[in-house]
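The report below is meant for a reader who meets this structure for the first time. It moves from definitions to whole chains, and then to helices, sheets and the contact between chains.

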Amino acid sequence: MKEANPNYTRRDFLRLSTFVGGTGLLAAQAGVFGEIGTANAGVAQQAGNYALAKPENIIYTTCLQCTTACSIKAKIVNGVLAKIDGNPYSASNMVPNIPYDLPPVDVARVDGKICLKGQAGLQHVYDPYRLRKVLKRAGTRGSGKWRTIPFEQAVAEIINGGQLFKDIGENRQVPGLKDIVKLRHPQVAKAMAEDINKIRKKELTITEFQAKYKDHLDVLIDPEHPDLGPKNNQFLFQCGRIHNGRIEFSKRFVNGAIGSINWVEKTTLCGQTSNKAWVRSTMAYEEGKWKGGVKSPRPDWANTEFVLVVGSIVFEANYGPVQESEPITEGLINGRLKVAVADPRLTKVASKAWKWLPIKPGTDGTLGLAMIRWILEKDRYDRRYLQNANAAAAKADGETTWSDAGYLVKIVEGRPQKYLRADEVGLGTKEQFVVYWGGKFLAVDPNDTVQPVEGDLFVDTVYQEIQLKSALQLLREEAYRRTLDEYAEITGLKVEDIAAVAREFTSHGKKAAVEFYRGPIKHTNGWYNAQALIALNFLIGNPDWQGGLMKPGSDWDYTGEKKDGKPYPVGKMHPGKLTAFGVPITREGVKYEESTLFAGYPAKRPWYPFSGNVAQETWPSIAEGYPYPIQAVLLHSHSPMYSIPGGMHQLGTLLEPEKVPLLIACDIVIGETSMYADYIFPDVTYLERWGTGQKPHHIRVKTSTVRQPVIAPLTDTVEVAGEKLPLSLETLMIAIAEKLGLSGFGADGFAPGMPLKRPEDFYLKLVANIACGDKPGDVVPDAGGGELELFRQSRRHLSPAVFDEEKWRQALRPQDWRKVVYVLNRGGRFESTNRGYDGDHARYLLGGMNRFYLEEIATSRHPISGQYFSGYAVWQEIQDSMGKTIPVEGDFKLITHKEVFGTQSRTATNYWAQLSVQPENYVELNRSDARRLGVKDGDRVRIKSRSNPEGVHELGNGRQRYVEGTVKVMEGLRPGVVSVSTCYGHWAYGSNDVEVDGVIIRGDARRGTGIHVNPVFRLDDNLRGTPLSEPIGGSVSFYDTWVTLEKV
Amino acid sequence: MSEANRQDEAEKLSRREAAVKLIKISLGLAAGAGVLGEFTGTEKAEAGAMLEVPAAAPPPLPERIPQDEAIFRMQQELHRALQKPVAERNWTMVIDNRKCVGCSTCTVACKAENKLPPGVVYRPVMEEEYGKFPNVARRFLPRPCMHCTHPPCTKVCPVSATWRSKDGVVVIDYEKCIGCRYCISACPYGARTFDWGEYYTDGTPQREKYETEPSFEYVKEWPRAKGRSPVNNTRKCHFCLHRLVNGMLPMCVTSCIGRATYFGDRNDPESLVSELIGNSRLMRLKEELGTAPSVYYLV
């Protein structure tokens, strides 16, 4: 303890005990700190006594330092998590992975790989600024003044509401959750939900609805607009890195128990548009609808020969460095693999590339179109593959997928609209499409496995007075609208380079791919960029081929709902479950045109029928009460004030009790957003809790990870309905449900006599779903006596509040217990890496149709501008929601990048990694730009933009700072571009002083270094405090802001 | 207190302690050396004398683990090497720079494994940018201790606290090291750093326990506390000797996400490192100094 701070002593701190530090908890467990021998001697170990290699000191679990969710090996010594390594059972962290049935005692000395973030994970859990008690604000929101209150009191206050802040001079009545959860009848909710759908389809009028539910209209937000849903929707749960298991647990609470539709994740800040574009492009046509789809087809890095990486930092971010690096480095040195990288910045993968294309930001799709033009002109596409119009034709060619290349699209009023259906021209049914082949029009059922149908690729014709063009024809026309020289001008690349990359891409048969994720899509034109890059893959027919494009190897269904015969379909095991319905606060998944709020264009705010979890829309929507006001918000593992571009512009919304009457956070620390909350409930970290990870994108075999407590939680233990539980998100939800009498939790939570009173009551069932497999006989073995004993031994340091074997067993059927132990002893369930392929193909197939053209997109309109979207890849300038091009507004385009040691808001705790490897981030500039500006390494510059002309970051309560950073001059960045990484510049999260119970807790300045650029991001001129966004997939724009730099 | 001031303070303290220790040692050198067994200097150092080398090598990997894969093959080769007398091993590292992705995982894994405090780093990854836009490259160079066959650092130690073991590892005896830091200046690779007794979580509400839990360097337990080694000692990479004797590869090898680091016994002609040393792309750092490092690079 440094003595520099006169206001704060260690004794104060111990008395305070708000944070985990100072609890004495660990010291009590340790028992190893006595003096040993002479004061200056190490203690000789017995050979083979290396504590980190002992099986009883190991628990396998799942990382969450980034979202890849690697499987990890936590090594615990003296009750303290001492070391984290990769789990060699998992194909994500060891190639090849060790056989799943090897006993853990035999493999304790085998360590898998795990990146530096994963290694530093124990600094995430052992963070001195972790919270252990509930905090209630003792000043205005964001004042930094707090007091601790008992958990039971805090739960009672948020449920009952009232004059909760009278003691600090606020007389307003705060609504409690009891005032929000108005609709409590499951049957009424279900019936209303169904009738709302009828209203949307114009099958029922509002008057009819009101008559039918005349006794229940008081539960609605607005009986004149019943489609907005019940008042329950005025409870918003906004979350971030929540991950599987916790997703289902929290949805059970928010949707099924509270009955609110507003469970909103933050995925539009991430790669969502990429995911959504892939899903749409790989959907199947079934029963007259586009269904299914795969969100993350990826190159088969282990076998591919050429990959064009567009804006994806595969060695530093993406999904993820641990899986992608090894097959790439191996391929590069043995001559198998060639890589080209299009990125304004020379990323680490670009530094290994055959060709670096320093592309202008926001023109990625144009590079795609340029390559498409070159490939079509040179006839270097897989014609045979593309002509296959259905499953049977594909099969005849040894293909597992086919495309819509030859499907005919109707051109109506000069605009491509729906695919022509066979019934429209008397050729077949309304569920068949039409192709042109051998001089004839043919009906085609895409899923027909018997009768092969092929189609001409380039068709431009009129048939029965309908103007028709084939899908690939439409794309070709767009690609041919510009010459390669014009493309070179737009992208800032050389024609020769574009041609060379296109030639290389088409020189390896199907053993080539285009990889992209976030870079191309975090632009207003991101959807079309994605479509262009996806189309390149389809042109060479690479899906499912070794060395081509493959889908993740999938996982075992942990929810128990996707496959028949699973032991615990937890979502269905919910007596009295409410059906959540209505329009989400973010107006996602719902068409504006179908809502009762439709009033022509522009809509008041955007709607996102093709997206979900549109994080940047929550706060501006709350600010405007559109489509309705919100009464209470529970924020969890998401920090909008830190991570949303221009998020600062919504700080006023958070600070205004009229707009957000009750603001609750459940957080591990006082973060950049939870600092503005009314209450903070402590949460546990990923190393102290349950979950089921998520499947890795780059692994070709089945992988189901389990997250489980590896150390005793550092939060306080409380008692809820007779159970001792550590404070956590689950405990909060269980307690609220208990006090409010909500369904799905408590003594009969799953079924009469089947309780959900403890987190493991829920999560162990998910583990059992994994253990029991997805089909008969697909079960893991029972853990033998030795494994059971190892299981107990390795949990000997856990308190009964988290590990009580009897309670764990009670959560399961007797026959499941040993199987669950088997899975927990290995951290999940993992197929062997040698099962990834079946001959030349992937074992787990994408299969099905791949689409160049998306008819449902082409027939939808932007809810603000009213303009129709395009169904195929087009070049579009960066524009706002009214379709107005964003002009050049500064000297530089600002881009951001991720550091290999950084994940947004939460790696500033990693003293070994982020804070040691690079203590601050930089404003990165090309040398020529630096010279022009007269700045050099180490100079400070302020960043300004049109949306933030002074470069000021408002922190609330009259505090502000400039958006300023330290210059780093480099060659590996396109001139005219400035790049800043995204995990620095904290103003909370332990970097600042806070006052708790009258005592000042000093922050650690090391955690607040560097620059945070989100406050200068470009806002949409029409949307009052919302950043520019991509309107289809819903992604927020990260790379479309013009800035100027000013030396300070 | 700024970083510089803190270093000055620590330096004063450390110099003083070193002086006191020097006096003690000049009065009774034999007693001080006793901890390590019999040796009087670099040349005569008993290889492995400071290690509690297991009587029998740890068991081999289970047969069902595919041992043709490099990472398992190397671990199995360790097993083979451990069957031999210490003096017949020659631990060697080969780093393939073309496979290094510059992620610093090895740096951090090493820090975590060896409980390294602020200012101590065994294996930094250096980065350089070459060329001019748009013809630019970034290159990454992990730089552990070179474990020189002719180490300049051991010669300058006034108390013979550091030497080259017969198995090729340059070691430091923390119990003898007086913290004078001559060796730090003598190392041409900058591979040695000094333990100033700092903690990452000092200056926060709590010094976290993971920082005071023991490290296992040199097959001993080193709980971390003021005035107790390795605080105020020079520290450096030791090829994770404590893992080697337990049949485990160094941390930088197992953690590497690009699989850029190879390790083994170059006295074993069948070993992977022996194969790699025959590669024409092989080089060593500052070859001209005649230090003959045991760390090789493929470039």
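A residue is called buried if 20 or more other C-beta atoms lie within 10 Å of its own, exposed if 12 or fewer do, and partly exposed in between, with the C-beta atoms placed from the backbone. Helices (H or I, at least four residues) and strands (E, at least two) are DSSP runs, numbered from the N terminus. This is a predicted model, in which local features need pLDDT of at least 70 and side-chain atom pairs count only at pLDDT 80 or more, while totals for chains, interfaces and linings use all residues. Residues are numbered from 1 along each chain as its sequence is written, and chains are lettered from A and ligands numbered from 1 in the order in which they are written.

## The two chains

Two residues are in contact if their C-beta atoms, placed from the backbone, lie within 7 Å. The table sets out chain A and chain B with their elements, burial and contacts; its last column gives the share of contacts with a separation of 6 or more that is made by residues 24 or more positions apart.

| Chain | Helices | Strands | Buried residues | Contacts from residues 24 or more positions apart |
|---|---|---|---|---|
| Chain A | 29 helices | 45 strands | 63% of 1048 residues | 71% of contacts with a separation of 6 or more |
| Chain B | nine helices | 11 strands | 54% of 299 residues | 65% of contacts with a separation of 6 or more |

The C-alpha trace of chain A spans about 90 × 75 × 70 Å along its principal axes. The radius of gyration is taken over C-alpha atoms, and the globule rule is 2.2 Å times the number of residues to the power 0.38. For 1048 residues a compact globule would have a radius of gyration near 31 Å, and the 29 Å of chain A agrees with this.

## Helices of chain A

Helix H10 (residues 272-281) of chain A is mostly covered, since nine of its 10 residues are buried. These buried residues of H10(A) are A:Gln272, A:Thr273, A:Ser274, A:Asn275, A:Lys276, A:Ala277, A:Trp278, A:Arg280 and A:Ser281. The elements that cover them include strand E22 (512-516), helix H18 (526-539), strand E35 (848-850) and helix H27 (855-858) of chain A.

Axes are lines fitted to C-alpha atoms, for helices over the stretch in contact, and angles run from 0 to 180 degrees between N-to-C directions. The axes of helix H23 (residues 759-771) and helix H26 (residues 817-824) of chain A come within 9 Å and cross at roughly 90°. Angles under 35 degrees count as roughly parallel, over 145 as roughly antiparallel, 65 to 115 as roughly perpendicular and the rest as oblique. H23(A) and H26(A) are therefore roughly perpendicular to each other. On the side of H23(A), A:Leu764, A:Val767, A:Ala768, A:Ile770 and A:Ala771 meet A:Lys819, A:Val820, A:Tyr822, A:Val823 and A:Leu824 of H26(A). The residues of this contact divide into nine nonpolar, no polar and one charged, where Ala, Val, Leu, Ile, Met, Phe, Trp, Tyr, Cys and Pro count as nonpolar, Asp, Glu, Lys and Arg as charged, and the others, Gly among them, as polar.

## Sheets and strand pairs

Two strands pair if DSSP finds at least two bridges between them. In chain A, an open sheet of four strands has the order E14-E13-E12-E22, with parallel pairing. Strand E14 (355-357) and E22 of chain A stand at the edges with a single partner strand each, so one side of each is left without a neighbour in the sheet. From one strand to the next the twist averages 15°. H18(A) packs on this sheet, touching strand E12 (306-310) and E22 of chain A, and the direction of H18(A) makes about 165° with that of E22(A). Within the sheet, three bridges join strand E13 (residues 338-342) of chain A to E14(A) in the parallel sense, and A:Ala340 stands opposite A:Lys355 in E14(A).

Elsewhere in chain A, strand E21 (residues 466-470) pairs with strand E16 (residues 408-412) in the antiparallel sense over four bridges, with A:Val409 opposite A:Lys469. Four bridges also join strand E20 (residues 460-463) of chain A to E21(A), and these strands run antiparallel. The hairpin of E20(A) and E21(A) has two residues between the strands, and A:Gln464 takes a positive phi near 50° there.

In chain B, four strands form an open sheet of mixed pairing in the order E9-E1-E11-E10. Strand E9 (261-265) and strand E10 (282-283) of chain B are at the edges, each with a single partner strand, so one side of each is left without a neighbour in the sheet. Strand E1 (residues 91-96) and strand E11 (residues 295-298) of chain B run parallel and are joined by four bridges; the bridge partner of B:Met93 in E11(B) is B:Val295.

## Where the chains meet

Between the chains, 75 residues of chain A are in contact with 67 residues of chain B. On the side of chain A that touches chain B, the elements that give two or more residues are helix H2 (25-30), strand E1 (43-44), strand E4 (80-86), helix H3 (116-119) and helix H11 (321-334) of chain A. H11(A) gives the largest share of that side, eight residues. The residues of the side of chain A that touches chain B divide into 50 nonpolar, 13 polar and 12 charged.
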